[in-house]
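Subject: Handing over a model

Hi there,

Here is the structure I promised to pass on to you. Could you open it alongside this email? My notes on what I found come right after it.

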Amino acid sequence: MDSSGVPGRPGDSGAPAWPDRSRTPGESPARTASAGASAGAEGRPAAAPADSPAAGDDEGQSPRAADVAREALRAARQDARRAREEAESAGRRARRSRVGERPRAGRQAPGHAAGGGARDVRKLLADAFRMPEATDESDAAPEGPDETAQERSPHGMPDSSHRHSPADPTRPETPRIPHSMAAPDRDTELRRTFPAFPPRDPEGKGFAESWWGNAWVAALEQGALDAKRLERGRGYAGQGHVDAITVTPGLVLAYVRGSRPRPYRVQVRLRTLDDQDWERFLDAAADRPGHIAALLDKEMPQSLADCGVPLLPGPGDLEPRCSCPDRGHPCKHAAALCYQTARLLDADPFVLLLLRGRGERTLLDSLSRLSATRAARAAQDRGPAPLPGVRAGDVLTPRALPPLPAPLPPPPHPEQPPAYPAAPGGPDPFALDQLATDAAARAHALLTTGRDPVGQLTLWEDAVRLAAARPGSGLTAGTRALYSSLASAAGRTPSELARAVAAWRQGGPEGLAVLEEPWDPPAGRFDRARPLLLAADLPAFRPWRNHLTHPQGHVQLRLGRDGLWYAYESEPGHEDWWPRGTPDLDPVGALTGLGMPSDL
């Protein structure tokens, strides 16, 4: 083995003699390292020079893979240039030897057999144009544009020396992530880029779920010439080999990963519609408001697709083109793109309309203008509607109106309301019954008398009236809940409401006023009450405004504004007065219901 790391010695009869690639005084250490890496990639051991970075001069750190690839590419270009020069020199020597010129053997390296340079050239060119080894299609992954350029030979093919270079044992292997070759930042109204679909469940249903997506798949499969290529295309699409898809008028474009590292550029072309076709489509869509609503919901009505405009492709309408060497119609890469396009059409039927030449916003604006124009034209054709009315002569003609029918006689008394069932969490059925009964009584009074007897009451007076209409007296178990709710609504306490109810039951609104409003009566009737009480063998009552109080403080008489005397009782010395008895014009008569005069 020589200093360049190339196996074989001059004069070996079993292996071709390779050109000497040893380091020259003007050659850089990186080039020597590149040659060693290239030799190692072909399975031959290479001795690294002492001054190369791989020999440990870089403080024990191995060179980066990108640097090695770059130097290997530079060395391969220099070797190819030197090989071409040697080939030209060998050709000139061969021509001179054929014309009888004496070969100059002194210029050949010792032990270099005749024709060895030509074999070296053929070997070098064969290595330069060697095809990459076939890999499993499911494991192939696309490289980014920069990485692909670094791994290709000067003639455009992948550099086998770099692709087979041993990996750094100290650096863990990381899976390569495919770089999308789409440009979504360039999207416009007539250019839309959709991200790549993830791999789909192999046990799932077909690629399309909508009827228009299935029509696209049917056009592809009916126009295909090879069912096996379609099957492989379905596999590519299901495994997620199709990169981001770009849709423009008449064109679907995407990069599809195949068996080689670099993805293939695939196009599917479809004829766009002319202006007359678009006018017929817009007229059909504007004829029925349901068509516009369906498009906004990302649906394609079948009646709209059958309007006479070829929206969906037929067999042979799809024109696939691919950069792969396969000349099938379509190839498996184009078939994969068509299957993924069917999934796009499922999600958004406006993709089909964009393929036919119009963007979503343009179509919606055109439909809006057309609908508004048709509505205005229809309103203009109808003309103004006739105004309802009668002729002036008919209005001014004197006429006698028929008499009104006699009103029905009012019922003698209000009826009982229906019973209300109790429900968990619902209103109190007894309260509902009371409210319904009260409403019926007020309606009956309004019907028979023409006025509402409680229409002028305040909130507090109405609450007292409702509580007084409930059977029972005082705060009992049956009335406590009702008194509590009514008192809370009126801003009073239940005890105040109970006292007011007793006054209401004693004398109605006037009895409540006597309870709550003391007043100064005029001279006369109030002054004559004391002699009447003394004549009935009662003690002298103490006067205060409209009140006359027993000397012992347990009985009291109050004069109302209606001229009646109202009797009250209290515990002696507590001033806790409660209405008792029945109002009377005579003060002695008002006290009759409280007991005998001897008790007073």
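Let me start with one strand pair: β9 and β10 run antiparallel and are joined by 4 bridges. Strands and helices here are DSSP runs, numbered from the N terminus, with E over at least two residues for a strand and H or I over at least four residues for a helix. Two strands count as paired if DSSP finds at least two bridges between them.

Before going on, the ground rules. This is a predicted model, in which local features need pLDDT of at least 70 and side-chain atom pairs count only at pLDDT 80 or more, while totals for chains, interfaces and linings use all residues. Residues are numbered from 1 along each chain as its sequence is written, and side-chain values use heavy atoms, with hydrogens and water left out.

**Around β9**

Within the β9 and β10 pairing, Glu 569 stands opposite Trp 578 in β10. The loop between β9 (565-569) and β10 (578-584) holds Glu 575, a residue other than glycine whose phi is nonetheless positive, near 55°. Glu 575 counts as exposed because its relative accessibility is 58%; the cut-offs are under 20% relative accessible area for buried, over 50% for exposed and partly exposed in between, with a 1.4 Å probe and protein chains only.

β9 also pairs with strand β8 (residues 555-559), antiparallel again and through 5 bridges. Leu 557 has Ala 567 in β9 as its bridge partner. The hairpin of β8 and β9 has 5 residues between the strands, and Gly 563 takes a positive phi near 90° there. Of the 5 residues of β9, 4 are buried, so the strand is largely enclosed by the rest of the structure.

**The five-stranded sheet**

An open sheet of 5 strands runs in the order β1-β2-β3-β4-β5, with antiparallel pairing. Its edge strands are β1 and β5, each of which pairs on one side only. On average, and ignoring direction, neighbouring strands of this sheet are turned by 20° against each other. As a reminder, strands of a sheet pair through backbone hydrogen bonds, either parallel or antiparallel.

What does β2 pair with? Strand β1 (residues 192-194) pairs with β2 in the antiparallel sense over 3 bridges, with Ile 245 in β2 as the bridge partner of Phe 194. Strand β3 (residues 251-256) also runs antiparallel to β2, again through 3 bridges. Here Thr 246 stands opposite Leu 253 in β3, and Thr 248 has Leu 251 as its bridge partner. β2 and β3 form a hairpin with 2 residues between them, where Gly 250 in the turn has a positive phi of about 80°.

Which way do the residues of β2 (residues 245-248) point? Ile 245 and Val 247 point one way, Thr 246 and Thr 248 point the other way, and all are buried.

**Helices α7 and α11**

The axes of α7 (residues 227-238) and α11 (residues 332-347) come within 7 Å and cross at roughly 55°. That makes α7 oblique to α11, where angles under 35 degrees count as roughly parallel, over 145 as roughly antiparallel, 65 to 115 as roughly perpendicular and the rest as oblique. Axes are lines fitted to C-alpha atoms, for helices over the stretch in contact, and angles run from 0 to 180 degrees between N-to-C directions.

The contact (heavy atoms within 4.5 Å) involves several residues of α7, among them Arg 229, Leu 230 and Tyr 236, and several of α11, including His 333, Ala 336 and Tyr 339.

**Two backbone spots to check**

The peptide bond from His 329 to Pro 330 is cis, with omega near -10°. Pro 330 lies in the loop between β5 (319-322) and α11.

Arg 545 has a positive phi, near 50°, in a residue other than glycine, and is found in the loop between β6 (542-544) and β7 (547-549). Arg 545 counts as partly exposed because its relative accessibility is 36%.

**The whole chain**

The chain has 20 helices and 10 strands. Buried residues make up 35% of its 600 residues. Among contacts with a separation of 6 or more, 64% are between residues 24 or more positions apart.

Best wishes
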